[in-house]
Amino acid sequence: MNRNAIKTNVRANDAGSAMKMQPRVHFFSMVRADLVKIMWLRSTWVMLFLLISGAAFVSLINATGVGAHQMLQQDPVQYVYTYELSENLLIFRVLSGFLVLLVTAFAIGLEYQQGTMRVILGRGVGRVRFLFSKMSALFLFALLVTLGGVLLNGCLLVVNVGADTGSLNALGVILSRCLGLLGQYYLYLLFNMWVSILLAMALTILGRSLTFGLSAALLWFPVDNILSNVLVISLRTFLPVDLTQKLSNAFLGPELNALPLVAISTHIVSQSMANPFNIGGWPTIAIILVYALAFLSLSVTLMRRRDVL
């Protein structure tokens, strides 16, 4: 055996030893690190401030109205349907959706922009494993936001009830008759945020850019709702109304908007929560799950088959 062959074998053995000595990165450690990164983003705290401020402002403004004051004293349950579910939590849903879209685009887009993804993958972390650690951290973040929303809106409800009625008797009525419905609505909020995370994740990976992912994610739902209305207007003269409405219901935005109406449709007073297409229930959940699966499949496929940069 010549000297060059011996050197080659020694280098190969050294490289193999180095690979064996390299510590394995645990999945839960990756998720924790990604969650810390998310909490260190300045955009996260800016959006959290806007979320808290917007939710508190709308809740306190509604509480000062004469109609809310009288309804809270006469029928606390209807107050929950008319103001809490139809307006206060509606604002929280919209702002929390923007929050997770922005945070997801930043959390993944910065990895492309700063080149840290290549460094992490160079340490032996698989691409799909890296993707699922990001997704798990973002899902945990959405869960924390939901729990924070429960606490925030619960405190605001206590303040409003105490200020308008002078006691907390109405709060007892609300908890006894509406607690399950409120819990169902918060589960819907969490589901809405998880689907939004999958959407922003797929678009950011598709563009491999923070700018593209953020722009496309923020424009998705406005364009989605506009296209559904344009489809109804343009096709209702050629197709039956029922068929046109079913085609428009295939868009993600209207389906997410209709999902919370399943439980409260018979008690709605606010026109902002009206359901013109009469959709909801398991068909709506099935369509949303199809979108979620498509976003996840696109993310995994692109992450596995394309170069990271």
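Reader: What share of the 309 residues in the chain is buried?

Author: In this predicted model, 43% of them are buried. The chain has 13 helices and zero strands.

Reader: Why is Phe295 called buried?

Author: Phe295 has a relative accessible area of 8%. Buried means under 20%, so Phe295 makes the cut.

Reader: And what makes Trp220 partly exposed?

Author: Its relative accessible area is 26%. Partly exposed covers the range between under 20% and over 50%, so Trp220 belongs there.

Reader: How do you know that Trp220 and Phe295 form an aromatic pair, and why is the pair called edge-to-face?

Author: The structure holds six aromatic pairs, and Trp220 with Phe295 is one of them. Their rings sit 5.7 Å centre to centre, and the cut-off is within 6.5 Å, so they pair. The planes are 80 degrees apart; over 60 counts as edge-to-face, therefore the name fits. The pair links distant parts of the chain, with Trp220 in helix 9 and Phe295 in helix 13, 75 residues apart.

Reader: Why is the pair of Tyr291 and Phe295 called tilted?

Author: Here the angle is 45 degrees, at 6.1 Å centre to centre. Under 30 would be stacked and over 60 edge-to-face, so 45 degrees comes out as tilted. Tyr291 and Phe295 both lie in helix 13, four residues apart, about one turn of the helix. Together with Trp220, they form one aromatic cluster.

Reader: What makes Leu140 eligible for a nonpolar patch on the surface?

Author: Leu140, in helix 7, has a relative accessible area of 39%. Patch residues need over 30%, so Leu140 passes that test. The patch also includes Leu143, Leu144 and Leu147, with about 340 Å² of accessible area for the four together.

Technical notes
Residues are numbered from 1 along each chain as its sequence is written. This is a predicted model: local features need pLDDT of at least 70, side-chain atom pairs count only at pLDDT 80 or more; totals for chains, interfaces and linings use all residues. Side-chain values use heavy atoms; hydrogens and water are left out. Helices (H or I, at least four residues) and strands (E, at least two) are DSSP runs, numbered from the N terminus. Buried means under 20% relative accessible area, exposed over 50%, partly exposed in between (1.4 Å probe, protein chains only). Patches are made of residues with over 30% relative accessible area and no salt bridge: like charges are joined within 9 Å, nonpolar side chains (Val, Leu, Ile, Met, Phe, Trp, Tyr) within 5 Å. Accessible areas come from the Shrake-Rupley method with a 1.4 Å probe; for residues, only the protein chains shown count as cover. A salt bridge is a side-chain nitrogen of Lys or Arg within 4 Å of a carboxyl oxygen of Asp or Glu.
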